[in-house]
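Let's take a friendly walk through a protein model. Have the sequence and the 3D view ready, and follow along one topic at a time.

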Amino acid sequence: MAKDKIVDKIKNFDFKKFIVNFKNNSINFIKYNRQFISYTILCLLSCMLVRHYTIGGFWNFEALFFDFSVIVLLGSLAYFLKPKKQFAYFLSIMLIITLMNLINGIYYAFFNSFASVALLESLGQTAEVTDAVFEKLRITNFIYLIMPIIFVLIHNYLKSKDYFGIVEKKESGKKLFMGVAIVGGICLFINISTLTGTDISRFSKQWNREYIVQRFGMIIYQGNDICQTLTSKFRTLFGYEEAAKRFVEYYEENPYKESKNKYTKKFEGYNVIAIHMESIMSFLIDLEINGKEVTPNLNKLVKESMYFDNFYPQVSVGTSSDTEFTFSSSLMPVQSGTVFVSYYKRSYVTLQKLLAEKGYYTFSMHGNKANMWNRDNMHPSLGYMDFYSEEYYNIDEVIGLGLSDSSFFKQSEELIKKISDMVKEDSQYKNYMGTMITLTNHTPFDDEYYLKGEDAFDVTYHTGKYDAHGKEIIYDYLEGSIIGNYIKSVHYADKCLGELIEYVKEHDEYNKTLFVLYGDHAAQLRKSQFAKFVNFDFETGEAKTEDNPTYVDYDYYENELFKNTPLIFWTKNNDIKGKYSYPMGMIDVLPTLSNMLGIKNEYALGHDIFEIKNKNTVVFPNGNFLTDKMYYYNSKNESRIFGTETIDADYIETRKKYTEQILSLSNDIIVYDLIEKAGSRIGANNGKEE
């Protein structure tokens, strides 16, 4: 009987009447809900613009419909208020979305990542680089402010026409709430129903922020980030046992194995000095402009040392601090916040602690404030016994953000001489290990000393050709550009490094010392700046066009691969030499050094590069990875293959799983303090060869 009634209703359905009613209802909705419609359009446009100016994809429909669903659902609540009072609610929501997009737009320009609530703790770390932040700002970073202004103007116009008085007579708030909420709910349900297991996994892990914004939109990304941040505060209460189980299983399945190669214990008993070279990149090595070397001292050092030219830092938003942490611990940066600010009260196994157990005195040096990046608290956690910060130095020459590298090195030489004497005279210590953190070559690269001084490096291009008046034709080339200023800054930093190396060569206390020099991260320049450098046409003095056979399509992959930095192992007697092109990350430095120094870190997640060689997979915090065969772009599930070799799906899938495992495991170790709390649960076989 019920079936017959349904059939009758279908037969008697007046489609024409339905269309007329739908049309009239739509017209009436538009006519009497202009404030809601303008709120929805302006909020949606704001979210579309922030995606456009960060990761691209203005018309990314997946993200667009997620944003639309949330905006509509939030807006539906306004119908519980009278029309004249809805404005304040709509404007409040719009201001929150505007602020969210404004912060993310600016943050992305500086860090190439989206902002996290957890990073609010790190805001103080940018106080000293305000100029660098302003340098990266564009008028488009503030375009989101236009939306609430337009909304206020629309409201004032409607108010002047007594629009809200008319609407109040027509509007049924509860009915409108139900209708709008149902539309928003249906859209959200459709969006959710299209999600894959990969989408959900990445959403829950949150470490690939770019992907989440592309797939889920800005609002859901930020909401998820807030939930993740709050969850992380209570995570040790709710997720510890599962994390500890994964931790124990991993190390029991992957027990520590000592390396055995020609470098095993080669530098056992040596002093160690690490030089943290701020923003030094590998493309600078052997780079010449007008026949003059940009980095003559680094070039010379490379020829006298063990040089890794396919080496990548693995930094997240903590930049320099992430490098310090990964170098010391062979763990990755944390997924939310930064280790130096949020997780300094943890137990880590580090290079400094392992050497201290062998009688080393450990110290760090930096001519800046001790609390920058919370180093005064984090360095003791890493195992440094003393931190020689700004208060130990005479700030006699300021270049860039603080004490010049030249003065820093000279004063540090005196401190190291005292340390060397102390080690010789004090039976408590046998050797020393120190890290020297440079500062001059830090963004925004705008100090007049190296830009305009008598030693300023010339970044114009001298063609060697002359005009009709006998004057040489000189192209501006990089002059006046940010990358040109960067190269001038690097040239000065290289000069300072050369002064240090010459001092070392002349003083016997460094005879048995291993120097480890590394670029901490790529210069924080826009992709367009690097593209300008790569595609300059020396014949015309202009940028190359796509029809030029030497034009480089400087895309996402080119830019990521361009970010490698130098890693150099050097001693005075030059007893280790050679260039190695194995794909290598900062996480691999500690295991490689450990083998050379005769120590072992059973919790290291990297590899001795001379054991794994070309089989290495370099994991990046955003889920990308690099091998000798390919670079994988996690957000788009795409790859750039090197050479002509065919790569099968299993090869990629295996390394994707490995990347996720390393990122998750490292994060668990940090957040749950697993080395301290669960290390004893690892089986007896750990630390023994099988």
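## A small sheet

Start with one pair of residues: Val 619 has Phe 625, in strand S20, as its bridge partner. Keep in mind as you look that this is a predicted model. The two strands involved, S19 and S20 (residues 625–626), run antiparallel and are paired over 2 bridges. In general, the strands of a sheet pair through backbone hydrogen bonds, in either a parallel or an antiparallel way.

Now zoom out a little. S19 and S20 belong to an open sheet of 4 strands, ordered S19-S20-S21-S22 with antiparallel pairing. Which strands are at the edges? They are S19 (618–619) and S22 (638–641), each of which pairs on one side only.

## Salt bridges across the chain

Side chains of opposite charge can pair when their charged atoms come close. How many salt bridges does the structure hold? There are 23 of them.

One of them brings us back to the sheet: Glu 558 and Arg 640 form a salt bridge, with their closest N and O atoms 3.6 Å apart. This pair links distant parts of the chain, since Glu 558 is in helix H22 (residues 556–561) and Arg 640 is in strand S22, 82 residues apart. Glu 558 is partly exposed, with a relative accessible area of 29%, and Arg 640 is partly exposed too, at 25%.

## Two more pairs to find

Next, look for Arg 51 and Asp 67, whose side chains meet in a salt bridge (2.6 Å, N to O). Arg 51 sits in helix H3 (residues 34–54) and Asp 67 in helix H4 (residues 61–76), so this salt bridge ties together parts that are 16 residues apart in sequence. Are these two residues buried or exposed? Both Arg 51 and Asp 67 are buried.

Another salt bridge joins the side chains of Lys 505 and Glu 304 (3.3 Å, N to O). Lys 505 lies in helix H20 (residues 482–506), while Glu 304 lies in the loop between helix H13 (296–303) and strand S4 (306–308), 201 residues apart. Why does Glu 304 count as buried? Its relative accessibility is 14%, and buried means under 20%. Lys 505, at 30%, counts as partly exposed.

Salt bridges can also be linked up: Glu 62, Asp 199 and Arg 215 are connected in a network of them.

## A nonpolar patch

Finally, turn to the surface. Met 178, Ile 182, Ile 186, Phe 189 and Ile 190 form a nonpolar patch there, together having about 520 Å² of accessible area. Ile 190 is in helix H9 (residues 173–193), and its relative accessibility of 45% makes this residue partly exposed.

Notes
Residues are numbered from 1 along each chain as its sequence is written. This is a predicted model: local features need pLDDT of at least 70, side-chain atom pairs count only at pLDDT 80 or more; totals for chains, interfaces and linings use all residues. Side-chain values use heavy atoms; hydrogens and water are left out. Patches are made of residues with over 30% relative accessible area and no salt bridge: like charges are joined within 9 Å, nonpolar side chains (Val, Leu, Ile, Met, Phe, Trp, Tyr) within 5 Å. Accessible areas come from the Shrake-Rupley method with a 1.4 Å probe; for residues, only the protein chains shown count as cover. A salt bridge is a side-chain nitrogen of Lys or Arg within 4 Å of a carboxyl oxygen of Asp or Glu. Buried means under 20% relative accessible area, exposed over 50%, partly exposed in between (1.4 Å probe, protein chains only). Two strands pair if DSSP finds at least two bridges between them.
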